[in-house]
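Colleague: Could you please take me through this structure? I should like to begin with the overall picture and then turn to details.

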Amino acid sequence: MTELNRALAGAAEKGIISAHQAGDLEAYLTDRGINFGPAATDAVAERDDAALDALAAEDSEQPRFVRGFHDILITIGVVVVLIGLWGLSGPLFTLPVILILAEILVRRQRLALPSVALTLALVHWVGTTAFLFVGEHEEAWKPLVFTLAYLSAFPIPLALFYWRYRVPLALACLMLSVALIGVVAILLGLERVLQIDLANENHFVLLALTVLVGALGLFAVAMRFDVSDPQRVTTRSDTAFWLHLAAAPALLYALIGLVFVSNGGNGTWWDGQAGIGQAMTAIVIVALFMLVGLVIDRRAFVTSGLLSLGGAIWTMLSQTGASLDNYVFIAFAVVGVTVLVIGIFWQKLRRIVMRLLPETMTARLHAAP
């Protein structure tokens with residue numbers, strides 16, 4: 001590694017440029033014959049390469065909602081003020097304050113973390129206010145009708161908030177609310193057309209499959225945002241981050257739910273009825289999700305499966321007759337080791353996986369440094 005390489009790595013470490021921009025700039029300058037200083041020793045090179053891996057791992061999925069302690073300080077103030085107003089006046093005066101703060105902190109000052117806090121505050125306001133109106137009919141309506149009416153309150157406020165302030169989380173929440181409305185509408189249609197009650201465990205497959213279809217749709221939208229910004233330099237990448245954060249657990253637990261259909265929908269991790277075969281299937285699903293996470297460079301697909309991984313290990317150990325004291329801590333240890341191995345070697349594992357994929361696919365994904 002030359003002096004130029006170390007200078008670029010140092011600039012990336014200080015946040016002047018990103019690790020991927022450092023790599024692109026290095027290639028650009030090298031192509032033009034620019035080279036500063038002698039090559040470093042092998043030991044220094046290995047150390048710098050490891051540092052670049054660490055920087056790339058940090059930079060590869062870094063949504064722009066924390067830009068400094070100023071953001072954190074302002075966000076603390078926003079949260080405290082809104083909690084105080086909510087306690088004093090309820091939703092009546094809270095919405096105007098949310099919008100005033102959004103005008104100042106989001107539209108004018110473009111503060112990242114406060115925009116997330118204000119978006120979540122709006123979601124909370126809409127959810128609470130909608131329940132005040134729709135909740136009056138909770139006992140008279142069927143659960144799916146009530147849920148559909150409740151969810152219908154979210155899209156318009158979120159769409160207006162995104163149109164005005166361009167907060168990626170608001171767009172992601174808008175798309176999530178639309179997906180949920182679609183899933184509930186399909187379930188309601190199935191109930192009426194087939195004359196069945198989806199709350200009955202005998203129809204659990206229809207419920208799980210419908211959720212799976214909705215989650216796949218959300219994942220497809222997230223990937224559309226991802227492939228439109230493979231360098232992850234625009235807010236489209238931030239929107240994809242939030243969408244993946246919602247789609248990953250929905251996909252996982254829809255699939256996990258289908259695994260238990262053979263038990264009549266009654267087997268769970270916690271009641272001891274799940275079998276070793278189901279636990280092994282769950283582990284395979286979690287492993288596939290981790291592989292998907294590596295390919296698309298989204299850690300949400302790793303973290304979403306940790307609870308299921310621990311539950312599967314718990315089930316397998318309990319079926320072997322191990323004592324509670326043993327298998328609880330073994331499950332924790334295995335999950336912890338999995339997280340550490342994937343986290344520490346994320347970039348190396350990504351490079352291995354990406355080399356096995358066709359270039360037509362990898363060219364559209366976030367590059368593996």
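Modeller: The following turns discuss the fold, one helix, one cavity and one residue.
Modeller: This is a predicted model, in which local features need pLDDT of at least 70 and side-chain atom pairs count only at pLDDT 80 or more, while totals for chains, interfaces and linings use all residues. Residues are numbered from 1 along each chain as its sequence is written, and side-chain values use heavy atoms, with hydrogens and water left out.

Colleague: How many helices and strands does the protein have?
Modeller: The protein has 17 helices and zero strands. Helices (H or I, at least four residues) and strands (E, at least two) are DSSP runs, numbered from the N terminus.

Colleague: And what share of the residues counts as buried?
Modeller: Of the 369 residues, 40% count as buried, that is, under 20% relative accessible area with a 1.4 Å probe and protein chains only.

Colleague: Let us take α10. What is the distance between its end C-alpha atoms?
Modeller: They are 36 Å apart, which agrees with the 36 Å that the 25 residues of helix α10 (residues 204-228) should span at 1.5 Å a residue. The expected span is 1.5 Å times one less than the number of residues.

Colleague: Which elements do the buried residues of α10 pack against?
Modeller: They pack against α9 (168-194), α11 (235-259), α12 (276-296) and α13 (300-303). Among these buried residues are Leu218, Phe219, Met223 and Asp226. Contact here means heavy atoms within 4.5 Å.

Colleague: Now for empty space. How many cavities of 30 Å³ or more are there?
Modeller: A search of the whole structure finds one. On a 1 Å grid over the protein atoms alone, a cavity is a set of points where a 1.4 Å probe fits but cannot get out, and lining residues have an atom within 4 Å of a point.

Colleague: How much space lies in the largest cavity, and which helix gives the most to its lining?
Modeller: The largest cavity holds about 40 Å³, a volume being the space filled by probe spheres set on the points. Helix α10 gives the most, with three residues. Met223 and Asp226 are among the lining residues, and both are also buried residues of α10.

Colleague: One last topic: is Tyr165 buried or exposed?
Modeller: Tyr165, found in helix α8 (residues 155-165), counts as buried because its relative accessibility is 4%. Leaving aside neighbours within four places in sequence, its contacts include Leu99, Glu103 and Arg110. The C-alpha atoms of Tyr165 and Glu103 are separated by 7.9 Å, although these residues are 62 residues apart along the chain.

Technical notes:
Buried means under 20% relative accessible area, exposed over 50%, partly exposed in between (1.4 Å probe, protein chains only). On a 1 Å grid over the protein atoms alone, a cavity is a set of points where a 1.4 Å probe fits but cannot get out, and a pocket is an open set with protein on both sides within 12 Å along at least five of seven lines; lining residues have an atom within 4 Å of a point.
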